[in-house]
Amino acid sequence: MVESKGLVGFEFENWSQTYSCSPELFFLPRNVEELREIVLSAKANRKKVRIVGCGHSPSDLMCTNDYMVSLRYFNNVLKIDENRCLVKVEAGITLTELNCHLRNHNLALSILGSISEVTIGGAICTATHGSGIKFNVLSNYVQELELITSSGDCIKCSRSEKIDLFLSSLCGLGAIGIIINVTMKCEPSFLLYQSIYPSTLDEVLTELNDHIQSSDHFRFLWFPHTDYTSVWHTSRIYNKAITKPNKFESIYNWIIDYAIGYYSLEFCYWVSTFFPQLVPFINRLFFHILYNRNRERVDVSDNVFTFECLFRQYVNEWSIPRRYINASNIHAHFPVEVRFVKADDIYLSPAYGRDSCYINVIMYRPYGKHVDKDEYWNNYEQIMRECGGRPHWAKAHTVTAVDFVKMYPYFRAWALVRKRIDPLNMFGNAYLDRVFETFPPD
């Protein structure tokens with residue numbers, strides 16, 4: 001029986017240690033047939049099934065008390081077409097692994113999020129994004145995907161075949177079916193030139209349109225309780241060599257970025273949990289140590305796209321229409337990251353139908369310590385709602401269906417596709433139950 005292949009007693013905890021669960025059985029299928037057997041077993045035993053990737057989502061989106069399935073062995077590259085810049089991969093491959101394969105074939109993904117230790121399937125299901133007003137969420141670069149439904153059927157879909165299922169699955173939250181492979185549109189490999197320099201919030205907001213248009217991938221970090229910002233301009237470049245720091249520069253960068261920027265910062269924020277009035281001083285101090293200087297580098301694209309997320313943290317992130325960015329007045333305890341994304345037509349993409357500004361706020365958890373965030377989160381979400389915001393699906397939020405039907409023109413259409421493809425609600429969990437328990441009538 002397939003149940004005998006499941007691991008009993010497995011304990012799951014996400015990377016930030018903010019959510020955990022104890023699935024009844026944990027599976028590591030090695031092929032599609034084994035995965036189908038798990039789905040059919042769940043159907044026969046009326047169990048829920050959730051797919052888990054690398055566990056980086058700072059929410060309970062992947063949690064379940066029934067069957068948890070890892071696609072760790074679904075990490076193969078199935079086909080690469082260098083002439084058409086297409087790659088077909090299994091959904092369990094991490095972006096780190098995929099980037100290495102693409103580099104060997106002189107290809108690259110056009111955009112990446114902050115971290116690459118996530119699976120391609122997980123990144124697609126939550127509409128992972130980078131920054132760049134001419135670039136979409138990662139899901140928008142999918143040309144075709146194949147998934148397993150709650151009936152055990154394998155279905156292919158694309159913009160030319162079953163388009164409603166396709167546009168629902170591109171940000172499907174793992175609730176439509178189990179994505180087993182995807183075909184991604186790439187581009188010829190490229191280098192990125194990155195310029196980072198200090199500025200002020202007033203300057204960035206005053207010249208915001210110029211900033212957004214003057215590089216491929218613009219973003220900035222704001223240090224709350226100050227007017228300081230760190231401005232990041234990143235663009236494709238074809239006439240420079242990769243920057244290779246010498247030994248002395250490497251040692252210096254490690255001291256600044258890790259000895260001070262990681263370990264010392266974590267200790268200081270730990271102290272601030274006892275003396276919160278230190279936070280403004282810490283923000284100012286570490287801005288001057290870490291970000292109050294100009295930095296430049298040239299490197300392969302995936303090395304530049306990724307961003308050091310430091311230590312464990314609570315995270316909340318919303319997308320608002322780009323036109324509202326000047327009206328936002330967010331007071332946060334820790335650096336706020338602001339990024340920009342091109343509009344798309346994916347049913348549940350936070351960038352659906354509008355060029356978007358993503359505002360990411362965090363509360364660090366130094367040494368894993370609990371830090372009260374509720375008042376901050378509530379104030380932040382209130383501001384985001386007033387600006388017409390939509391929460392990032394992989395981040396913690398309090399929004400339910402009664403709000404989502406107003407935020408997303410195709411939310412009801414997505415829900416109907418989900419009900420048609422998964423009438424048993426096999427791929428549901430507590431996260432999705434919270435969303436749908438307030439689903440308003442037509």
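Reader: Which residues does S131 touch, not counting residues up to four places away in sequence?
Author: Leaving those neighbours aside, S131 touches I111, D216, H217, F218, R219, R339 and F340, where contact means heavy atoms within 4.5 Å. Please keep in mind that this is a predicted model, in which local features need pLDDT of at least 70 and side-chain atom pairs count only at pLDDT 80 or more, while totals for chains, interfaces and linings use all residues. Residues are numbered from 1 along each chain as its sequence is written, and side-chain values use heavy atoms, with hydrogens and water left out.

Reader: Why is S131 called buried?
Author: Buried means under 20% relative accessible area, exposed over 50% and partly exposed in between, with a 1.4 Å probe and protein chains only. S131 has 7% relative accessibility, so S131 counts as buried. Its place is in the loop between α3 (120-125) and β9; helices (H or I, at least four residues) and strands (E, at least two) are DSSP runs numbered from the N terminus.

Reader: What makes the side chain of S131 a polar partner of F218 and F340?
Author: A polar contact is a pair of N or O atoms within 3.5 Å; within protein, one must be able to donate a hydrogen and the other to accept it, and residues adjacent in sequence count only if both atoms are side-chain atoms. The S131 side chain reaches the backbone oxygen of F218 at 2.5 Å and the backbone nitrogen of F340 at 3.0 Å.

Reader: E187 is next; why does this glutamate count as buried?
Author: With 17% relative accessibility, E187 falls under the limit and therefore counts as buried. This residue is found in strand β12 (residues 187-188). Its side chain makes a polar contact of 2.7 Å with the side chain of S110, and another of 3.0 Å joins E187 to the side chain of R236. Beyond its sequence neighbours up to four places away, E187 touches residues including C85, N106 and L107.

Reader: Why is E381 called buried as well?
Author: E381 has 4% relative accessibility, so it too is buried. E381 sits in helix α10 (residues 374-386), and a polar contact of 3.2 Å joins its side chain to that of N316. Leaving aside neighbours within four places in sequence, its contacts are N316, W318, A396, H397 and T398. T398 is 17 residues away along the chain, yet the two C-alpha atoms are separated by 8.4 Å.

Reader: What makes the phi angle of C85 worth a remark?
Author: Most residues other than glycine have a negative phi. Phi of C85 is near 55°, a positive value in a residue other than glycine. C85 lies in the loop between β6 (77-81) and β7 (86-90) and, at 11% relative accessibility, is buried. A127 also has a positive phi, near 55°; it lies in the loop between α3 and β9 and is buried, with a relative accessible area of 0%.

Reader: Why is C54 called partly exposed rather than buried or exposed?
Author: Its relative accessible area is 36%, which means that C54 falls in the middle class. C268, at 23%, counts as partly exposed too.

Reader: How many disulfides does the structure hold?
Author: Zero, where a disulfide is a pair of cysteine sulfur atoms within 2.5 Å.

Reader: How do you know that β9 and β10 pair, and in which sense?
Author: Two strands pair if DSSP finds at least two bridges between them. Strands β9 (residues 142-148) and β10 (residues 154-158) have five bridges and run antiparallel. One of the bridge pairs is E146 with K156 in β10. Five residues lie between the strands of this hairpin, and G152 takes a positive phi near 90° there.

Reader: What makes the sheet of β3, β5 and β4 open?
Author: Its three strands follow the order β3-β5-β4 with parallel pairing, and the edge strands β3 (25-27) and β4 (49-52) each pair on one side only. Three bridges join β3 to β5 (residues 67-70), with F27 and V69 as bridge partners.

Reader: Which residues have the most contacts inside the largest nonpolar core?
Author: They are I120 and M184, in a core of 109 residues. Such a core is a set of buried Ala, Val, Leu, Ile, Met, Phe, Trp, Tyr and Cys residues joined through side-chain atoms within 4.5 Å. Apart from it lies another core of twelve residues, among them I282, L310, V315 and I362.
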